[in-house]
Amino acid sequence: MYQKLSDASEVIDDRVDKFRDMVQEPNELANEQFGNPSTASPSEIIAVGKVDGKLSPSCVLLEASRKMGAGSRVQPK
């Protein structure tokens, strides 16, 4: 089977968005509590994304969905 990279990326973005909904609804979280992890915020935010890299503190990156963070990658702090 041949699958374009952009198609695979869309599938992953859809899964990230579904996971966000799964976290948001039962915990009664407002949309404003979720944010783009790559921009500084004066208040605490909830970031949902895909973990990219090996699972060690120096290598892990959080990749935001295109909807929430334009696919940007940041190192969690």
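Strands β2 and β3 pair in the antiparallel sense, over two bridges. In this predicted model, that pairing is one part of an open sheet of three strands, ordered β1-β2-β3, with antiparallel pairing. The edges of the sheet are β1 and β3, the latter covering residues 73-74, and each of these strands pairs on one side only.

On the other side of the sheet order, β1 pairs with β2, residues 61-64, again in the antiparallel sense, and here there are four bridges. Two of the residue pairs may be named. Gly 49 has Ala 64 of β2 as its bridge partner, and Asp 52 stands opposite Leu 61, also in β2. Between β2 and β3, Leu 62 stands opposite Val 74.

Let me stay with Val 74, which belongs to strand β3. Is Val 74 buried or exposed? Val 74 has a relative accessibility of 17% and therefore counts as buried, the limit being under 20%. What is Val 74 in contact with, once its neighbours within four places in sequence are left aside? The contacts are Pro 37, Ser 38, Val 60, Leu 61 and Leu 62. For Ser 38, the C-alpha atom is separated from that of Val 74 by 5.9 Å, although the two residues are 36 apart along the chain.

I turn now to the helical part. Gln 24 is found in helix α1. With a relative accessible area of 11%, Gln 24 is buried, because the limit for that class is under 20%. Which polar partners does the side chain of Gln 24 have? One is the side chain of Asn 31, in a polar contact of 2.7 Å. In addition, a polar atom of the Gln 24 side chain lies 3.0 Å from the backbone oxygen of Leu 29. Leaving aside neighbours within four places in sequence, the contacts of Gln 24 are Leu 29, Ala 30, Asn 31 and Phe 34.

Phe 34 appears a second time, in relation to a charged residue. Arg 20 lies over the face of Phe 34, at 4.5 Å from the ring centre. As for aromatic pairs, the structure holds zero of them.

A backbone feature follows. Glu 28 has a positive phi of about 50 degrees, although this residue is not a glycine. Where is Glu 28 placed? Glu 28 sits in the loop between α1, residues 5-27, and β1, residues 49-52. Glu 28 is exposed, because its relative accessible area is 72% and the limit for that class is over 50%.

Finally, a word on confidence. The chain has an average pLDDT of 78, and 87% of the residues score at least 70. Where in the chain is confidence lowest, and where is it highest? The lowest value belongs to helix α2, residues 66-69, with a mean of 70, and the highest to α1, at 83. Where pLDDT is low, the predicted coordinates should not be read in detail.

To summarise, the sheet has the order β1-β2-β3, Val 74 in strand β3 is buried, Gln 24 in helix α1 is likewise buried, and Glu 28 in the loop between α1 and β1 is exposed.

Conventions: Residues are numbered from 1 along each chain as its sequence is written. This is a predicted model: local features need pLDDT of at least 70, side-chain atom pairs count only at pLDDT 80 or more; totals for chains, interfaces and linings use all residues. Side-chain values use heavy atoms; hydrogens and water are left out. Buried means under 20% relative accessible area, exposed over 50%, partly exposed in between (1.4 Å probe, protein chains only). pLDDT is the predictor's confidence in each residue, from 0 to 100. Two strands pair if DSSP finds at least two bridges between them. A polar contact is a pair of N or O atoms within 3.5 Å; within protein, one must be able to donate a hydrogen and the other to accept it, and residues adjacent in sequence count only if both atoms are side-chain atoms. Contact means heavy atoms within 4.5 Å. Rings of Phe, Tyr and Trp (its six-membered ring) pair if their centres lie within 6.5 Å; planes under 30 degrees apart count as stacked, over 60 as edge-to-face and the rest as tilted. A charge sits over a ring if NZ of Lys or CZ of Arg is within 6 Å of the ring centre and within 35 degrees of the ring normal.
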